[in-house]
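Biologist: I would like to learn how to read a model with several chains. Could you walk me through it, feature by feature?

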Amino acid sequence: MTLTAQDLLFYILGGLSLASALGVLLMTNPIYSALCLALTMVSLAGLYASMQAWFVAGVQLIVYAGAVMVLFVMVLMLFDLKSEIKAFSRGAVAGFMKLVAVGLMTGAFLAAIYNSADTLLGTSLAAHVDGTVSTKALAQLLFGKYVFAFEAMGVLLLIIAIGAVALSRIEGGTHADE
Amino acid sequence: MNHALGISSYLIAAPMLALLAASLVPVMLKVFSGNREPHPFVTTAYGFIAVASALGLAITFLGGSKFGFHKALVSDGLALWASIIVLVSGAFSIFMMHDHVETQSKLFSEKVFLLLGSLIGMLIVVLSNDLIVTFLGIETMSLCLYVLIAMSRETVLSKEAAFKYFVLGSFASAIFLYGIALIYGTAGTTQFPGLMEQVGPLLESRNHLFLIGIIFVVLGFAFKVSVFPFHFWTPDVYQGAPTPVTAFMATAVKAATFVAILRLFQSTGYQHSVPLKEVISWLAALTMLVGNAAAIMQPNFKRMLAYSSVAHSGYLMVGVVAAGFGDSQGVASAAGIVVLFYLLAYSIMTLGSFAFVALLEKSVGQALQVDDVRGLGRTHPVLAGCMAIVLFSLAGVPPLLGFFGKFGLFSLAIEQNFYWLAIWGVLNSVVSVYYYLRPIVLMYMQGDDAPHVEMNKQIMTRFTLFGSAILIIVMGLFSSPILSALKSAILGRS
Amino acid sequence: MPMNSLIDVGLSHYLALSAALFAIGMLGVLMRRNVIVMMMSIELMLNAVNLTFIAFSRFRDNMDGQAMVFFVMTIAAAEAAVGLALAVTIFKRFREVNIRYFEHLKG
Amino acid sequence: MAQMPLLSLIVFMPLLFAALMALMPGNRGVRPMALVASLIQFGVSLLLFKYYDASTPALQLVEQHSWIPEFGISYFIGVDGISLWLILLTTFLLPIVVLGSWNAIEQKVKAFHVALFALQTAMLGSFVAMDLVLFYVFFELSLVPMYFIVGIWGGARRVYASMKFFIYTMAGSVLMLLAIIYLMFAARDTEGLGYFTANVLELYKLKLPFTADGLMSPQALLFFAFSAAFAIKVPMFPVHTWLPDAHVEAPTPGSVVLAGVMLKMGTYGFVRFVIPMFPEAAEHFGWVFLFLGAVGIVYGALVAMVQPDIKKLVAYSSVSHMGYVMLGIFAMNTYGMTGALYQMLNHGISTGALFLLVGMIYERTHSREIEKYGGLAKVLPIYTIIFFIVTLSSIAVPMTNGFVGEFLILLGSFQASKLIGAIAVTGVIFGAVYMLWMFKRVFFGEKGELVRDEKHPLHDLSVREIVVMAPLLVLIFWMGLLPNHFLKYSKSSIDHLMQNKDAYQLGVQTMGDAVNRSASVLPGTLLPETQEADSKVTAKANMTGAGVGR
Amino acid sequence: MKPELIFSVLLLAPLIGFLFNGLRWKSKNYMLAGTVATGAAAVSFAMSIVAVSRLFGEGAPTAIQANFYTWAAMDLLSIDVSFVIDRISALMVLVVTGVGTLIHLFSVGYMSHDERPSKYFAYLNLFLFNMLLLILGDNLLMMFVGWEGVGLCSYLLIGFWFSDKEKAAAGMKAFVTNRIGDAGFLLGIFVIFGLFGTLNFAEIISKLSAFSVETGWTGPITLACLFLFIGATGKSAQVPLYVWLPDAMAGPTPVSALIHAATMVTAGVYMIIRLSPLFMLAPNAMAVVATIGAITALMAAVIGLAQNDIKKVLAYSTVSQLGYMFLACGVGAFGAAMFHLMTHAFFKALMFLGSGSVIHGMHEEQDIRKMGGLKKYMPITHATFFIGWIAIIGIPPFAGFFSKDEILWYAFASERGSQWFWLAGLIGAATTAFYMTRLMALTFWRKSRFDAHKVHPHEAGPSMLIPLIVLAVLSAIGGFMGIPHVIGEILPGHPGNWLEHWLKGSIAAVPMTAEMKHATTMEWILMGISVSIAGLSAVTAFSFYVLDPSRPAKFVSLFPRLHRFVENKLMVDEFYGAQIIQPLINASRALWAFVDVNIIDKATFVVGDLVRGVGSTARTLQSGNLQQYALYIALGAVAVMFYVLK
């Protein structure tokens, strides 16, 4: 039972992601939550990289931690929100039940992972894979097996773009005519 | 790896492409004419042409168990008939949108565009042969709907509805996606054919992660078709959304999603998990009960119909249970036939009932109460008569279409020895009679003193209601051709 | 499972981590009242899913998982766009993005 | 005329007339047209006598067409001695109802007649249908027009009553639907049949497993599922409570049709389906129905006795009378069965007449409270005489129709069980008590407050009303004095049923076809051979599901 | 004449009369109505004579029969509408049509002032028709048809003046009480059918040889006999169902004479006589018949002692005399029962018509305390009534003496009889003599107690007197058709017992005990005792009511409560009302309000409430809070996971 560098990286990045995720949950100021989320994403990107998913790690950094987070922060800025007094939902019973529900679900999950661990394949990492090789393979997949999904994504983005614009122009929208 | 796509792939995608191309026209017109909204009728016409051409292409090219796009899509009878249901209900929804006060606006062309976009998503769902593609389709369909709901001219409730639907939908999508991930991890594939072969061994060895994956995926579907206890968004969203959009959601979304569920349950391997069978049966049973019981207590017309649609999901789940856990060969295709037939029936009836609601809504944000139909039998005999037919059909009175739909479903349940589900189902349909007859009571038996209310013109919505009433009768009496067509399409025989 | 494998990082660890992240995200949706934070929590859930995909992809030596992550990210972005657009609309109307204003529809 | 679809004509003619009436502009002229139409359909139904062959128990004037083969449903109709008289009763009552409601229905006249004629089709259909699903369709369909008739033209609590009516009857029949579906699958899975069908003649051949010791054998469960549907429809104690409400609230014509024909659909169901299809269960559990029938007779009579409302009294008397019918059916012998069949007709005629009479007086005084009457005999002598004759029929005085039925039923039930026969015979006493007590309070003694009213003197029956009642009176005596005129048409069918209780089968005879064909060749004529063979393959190999057997 | 024709005319004549008068029921032309009706009855009578005459002579058939059509036929059951005149029904048909004709005739006068004479005569003819069906029918079902038919006519005629609530109620009471009996009759028919597979009298009796005498109580024949006897107690007003008959006096008096004295009420006796071989096989049933008969004879006679309504006295007397007939049947003396039936028909019809004449003359007064001294106002009525009186109290050689004495003798001497039956009969006879004398005295003799200024009693017209006279003659000589052997032997020409001879072979023979078969001395002694007791009793009554009118009051004051009890008819009606009828009504109300409304309906409402409960819970959960919904999703997921993974 030696702790390899790989394992160490997992514990560090994993711990970081967990901590920052908790930060998202617990920070009463939304801006801090957003920053925590960004941190989570960055640490996850690290984990992806550690698993040799180089391209995905890069996309995670650029698209997620970059673009999406900027969008969130911008909107938050737009709303000019400060720390909220009532950040969490009311109701002791409901709150308790929520904790219990999620707790149970996670517990069941962990138990399932524990139970099925034997059946899971390849519990040790395979050999190092070159980033260009994996990226190429991914590209082959995207334009081969998943070409339809890829194209559908494009259509989705187009529709959503128009939809989002339209949404801003409805009565009461940011770009309403009246 | 051969990346070349055969012509057949494009033929399968042809309906979607047609929809996309045609849907862009009104928006483009708007762009090139300096942001001037085209005449709504023009937009409607384009929408109709889009749907009609897609329908034509679907009927021409779909069916016969063909794969496309490296097996990302499958074109079989299930897909064909689901496409037909989805497209037809889309067409009628566009008609109703043209008339309805909450959807008429300067942004009408965008709304039609979004609805067509949603239809593309649905076609993806019904044609999908891969869980991840299904997911993409569901997201396409849902995201369009979120926006479409929010674009109502009503400013408070529709926004709330859109937002609730959005948050809960995304929440459910995340769960669904997690399920896909687990399935991917355990089965090694997300494509249905491969997956179906894996189901048996994985369940037999009680792979818990796979089970959780299946549960989460089912849960995600269950959310979309509003199965208890994932149905809570339904009444709120149905109420807040503009009625034409509600009609669209209640019919097309459900049809598309049920086809996806059927695809998931096209394996005999599920018999290895008895608890899964039991739990899904229970969900079906509870869904019927909750939907019907809550509808009884509901004074708001649209909410009542929303609960009724929950109950109908419960009936449809009976078909799903039979498909997944029936013990004879080919039960899944049989289930496909009856479920699709039921969906067809249900869609026609639901379109009619929401058209009726739309006709009675005269102002933005009006919350139509059941009591508002008082005396309509006297003041508007034709409308009331059509609605009465629709309601009787929903209640399952023979020989209307709804009856034969239920007949098929319960036949299937009995054949596969799900007796208690069948008994529970018919008892629930008796309960449902109570609230389906309430509007009839109010229209015909009470309120002779009710004032004569001017009805909106809404020619197309009238047409929808009238058409659905006619179809309910005609297709009820002559359901044989439809059934045999369904059968030959799904069994792949001519 | 032998004791040492609890420390030896394997697929189970990644899965457990993703489960924990998913749970946190879920709690965020369930408990935070700010809609933006709720959306962020959903993003968190999707990220947890992505981690699962990557882990499976890695340990099964199967690239499909990475392709799926790609799609999930796109969807997440689209969802964020729509969600934020909705949020902005709602903010314009209510000057507030707390979900307690959204309880008109009930019963 | 060898292949004239006479039965279809009889069944659907009323619907056609309904459609014609619906298309008529305005309400004027609807009534005469309805009257003519109803007379025409009665006349056409009389043609049955010309083509009906009383000497054979076979199903006659058979028509068979494929309808929804995917669900195993065919359009299969026919008539035999069991249904013949019910069809004629139905067609006979329609003109009477139309003429009787001449003044009773004041608004929405057109809609009323449309509903009435549509109802006629549904009722006739359920009497001729020989395909279980087809029967179910007609059986359920009949609820809708009746629901409207009660709900729209009814009294103050009409909504409650119509709802109760609809939900009660539907609750019973849905279980039957499941049982039907089960039977169809049982037919498919049985050796020798092997195809998916709801054809009653084929289902007769099924030998469903039955074990005497428990309720859980399929035959017993199916028996109870069918019985539940029919018992509610009959209605039988203790599921009878919808009936008094429905009757009291229904308008006169509605009550007449409800009592006259609709209740018979339940008892007919027992005779046509329950007894032949589940012979062992019927034999084994028959005592339950025998007992409940007897209880119903006494119970209905006792409760009728204390009713303050004439119409409710008559309604409860229906419960009592239908108890006799149930008793006769489950006596399981020729006497009881014949008596039951006869009693169905009697009840249709005499209770129908009573409802008409109650309606006539209600039109004059707008009250049905017994207390407010008294001394009517002095004021309305003709009405009194007619009412008295009908009363006699209702309490089964010899030489009226009621006696024949009751005598045979009691004879049969006494042969079946001495104790129950003895209980049921007390119904003869109570029947006289409640009718005559009511008659005394309404017609005899001092003039009551409604009768005394000088400002609004009551008028005796008009010519129209007498014309309405006359055919009923004629039948009361005709059927009472010459029962064999009627019984001879049903004799061979009933004998056949009772002699082959355990293995009932029915041949068919199409119109103009002298030779009986055995029922076993039927499926071949129903659908081309190829399809049948096909269905067998699919049933076994692939397309199991959904009853999409073909 | 073919039998079919005879029966057609016999039956159709009254039916046509009914239709004729029934269709012109509003007419007040009593003469026309009466003529037609009486004519119809007379035609029937004439036809009866024609028919019966065929039975006389050497080689004459024992019965003539006609079959009209099949009423119903299935399985074993085959019922024909067919009629028979044999030696039993011959007697009966003559009595019914003969006495009937006389009473029709009497009615012409009696109903001349009524508002609806046509209706009355229609009913009367209808009754005759039904009575003929009852008598002539050759199977139990035809008899039952007539049986119920006469009950119906009785109902109509009792309630003839229906505006009076009491009278309408009396009609209903009669019908319902009869119905109770009819129910028993029906059960009897069913048992017989089960036993023999036929309802035809001749066939039943021919099949009896296969059966032996039953000793127990539950044998089928005993049961059948008992059930049939229940029917007889209803129709023939025996304990415990006799209560309707006194009330039935609400009808017009000729009706009382015809239906409630001479004909209909004897139907029960007739039925038992018809089935006498059957009854002979059930000694226990016969014991019941005899006991009930004896009790009725005594009890009704006792009640009769204290009645003040002239018709009520006669009514109780009828009940009592019917008791004698059943006593006779019960001991196996069916011939004697038939004999008494006939003589009773004569003298009781006579007395009822006489009372009718009195009531007619007294302007509808019926209370004998308000009469008295009518002898001088209506001498013919008095004379005929007098004959009836001595006939009923059994003074030789009037009709009642022969028949009653024969019954008493057989009650004593039959195997099935006993001295107790004889004693009961004897006391009954004494009581009868007492109250009949009282009736005579209070009505006709001593001083008038009415206001002669207001009431002018007068003798009736000829149409009423002729029947009286004819019946008086019959009452006087009617007994000669059944002269007992002991008397016949000492008379010149040794007249035999014609009736016994006539009926021999048609009915079961009296099962005499061996020592009594030739106990001539004993017969003489008993005859002497009964005549002297009756005479003594009559003399006592005479001394009470004629010689010293204060004596009854003094006597009664010794037992005031007993007297009130007797005067109130032993409180039987009150007992029935309080113990049977009212509880039944209360129970029915409870069934309606409790079982129907509270149990059955509630049970269905409970289902509805449950569903509603689920519905409102679902709506409460639907709080509108988005996170709550998300929680439900999570909870649902957790539940499903745990269920599946457990």
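Modeller: Happily; we will go from whole chains down to single residues. Keep in mind throughout that this is a predicted model.

Biologist: Let's begin with one chain. How does the radius of gyration of chain B agree with that of a compact globule?

Modeller: The idea is to set the value beside what the chain length suggests. For 494 residues a compact globule would come near 23 Å, and chain B has 21 Å, so the two agree. Along the principal axes, the C-alpha atoms of chain B fill a box of roughly 65 × 55 × 45 Å. The chain is built with 19 helices and 2 strands.

Biologist: And what share of the residues of chain B count as buried?

Modeller: The figure is 74% of the 494 residues. You can also ask how far apart in sequence the touching residues are. Among contacts in chain B between residues at least 6 apart in sequence, 80% join residues at least 24 apart.

Biologist: Can we look at one helix there? Why is α9 (residues 233-240) of chain B described as largely enclosed?

Modeller: Count its buried residues. Here 8 of the 8 are buried, so helix α9(B) is largely enclosed by the rest of the structure. Among them are Trp233(B), Asp236(B) and Tyr238(B). Then look for what does the covering: it includes α5 (131-150), α6 (157-187), α10 (243-264) and α12 (301-325) of chain B, together with α26 (626-645) of chain E.

Biologist: What should I look for in a nonpolar core?

Modeller: A general point helps: in soluble globular proteins, nonpolar side chains tend to be buried together. In this model, the largest nonpolar core has 820 residues, and Ala256(B), Leu178(D) and Ala349(E) have the most contacts inside it. Helix α13 (residues 331-360) of chain B gives the most to this core, with 24 residues.

Biologist: Which residues does Ala349(E) touch, beyond those up to four places away in sequence?

Modeller: Its partners include Val99(E), Ile103(E), Ala257(E) and Leu471(E).

Biologist: Now the interfaces. Which two chains have the most contacts between them?

Modeller: Of the 8 pairs of chains that touch, chains A and C have the most contacts. There, 72 residues of chain A are in contact with 65 residues of chain C. Several helices of chain A each supply at least two residues to that side, including α1 (5-26), α3 (54-79) and α6 (147-168). By class, the chain A side has 51 nonpolar, 17 polar and 4 charged residues.

Biologist: How about chains D and E?

Modeller: In that interface, 39 residues of chain D are in contact with 39 residues of chain E. Helix α18 (418-443) of chain D is one of the contributors, and the largest share of the chain D side, 11 residues, comes from α18(D). The chain D side divides into 26 nonpolar, 9 polar and 4 charged residues. It is worth checking for missing contacts too: no contact joins chain A and chain D, whose closest C-alpha atoms lie 32 Å apart. Chains C and D also have no contact, with their closest C-alpha atoms 25 Å apart.

Biologist: In what order do the strands of the chain D sheet lie?

Modeller: The 3 strands form an open sheet in the order β2-β1-β3, with mixed pairing. β2 and β3 (508-509) of chain D stand at the edges with a single partner strand each, so one side of each lacks a neighbour in the sheet. Strand β1 (residues 59-68) of chain D pairs with β2(D) in the antiparallel sense over 6 bridges. Two bridge partnerships to look up are Glu63(D) with Ile77(D) and Gln64(D) with Phe76(D). The hairpin of these strands has 4 residues between them, and Gly72(D) takes a positive phi near 70°.

Biologist: Is β2(D) mostly covered or open?

Modeller: Mostly covered: 6 of the 7 residues of β2 (residues 73-79) are buried. Helix α1 (residues 6-23) of chain D lies across β1 and β2 of chain D, at about 70° to β1(D).

Biologist: Last, a single loop residue. Is Leu305(E) buried or partly exposed?

Modeller: Count its neighbours: with 17 C-beta neighbours inside 10 Å, Leu305(E) counts as partly exposed. Leu305(E) sits in the loop between α13 (283-304) and α14 (310-330) of chain E. Sequence distance can mislead here: Val566(E) is 261 residues away in sequence, yet 7.8 Å away in space, C-alpha to C-alpha. Leu305(E) is in contact with Val566(E), and also with Thr431(E), Phe434(E) and Tyr435(E), leaving aside neighbours within four places in sequence.

Technical notes
Residues are numbered from 1 along each chain as its sequence is written. Chains are lettered from A and ligands numbered from 1 in the order in which they are written. Two residues are in contact if their C-beta atoms, placed from the backbone, lie within 7 Å. Ala, Val, Leu, Ile, Met, Phe, Trp, Tyr, Cys and Pro count as nonpolar, Asp, Glu, Lys and Arg as charged, and the others, Gly among them, as polar. A nonpolar core is a set of buried Ala, Val, Leu, Ile, Met, Phe, Trp, Tyr and Cys residues joined through C-beta atoms within 7 Å. A residue is buried if 20 or more other C-beta atoms lie within 10 Å of its own, exposed if 12 or fewer, and partly exposed in between; C-beta atoms are placed from the backbone. Two strands pair if DSSP finds at least two bridges between them. The radius of gyration is taken over C-alpha atoms; the globule rule is 2.2 Å times the number of residues to the power 0.38. Axes are lines fitted to C-alpha atoms, for helices over the stretch in contact, and angles run from 0 to 180 degrees between N-to-C directions.
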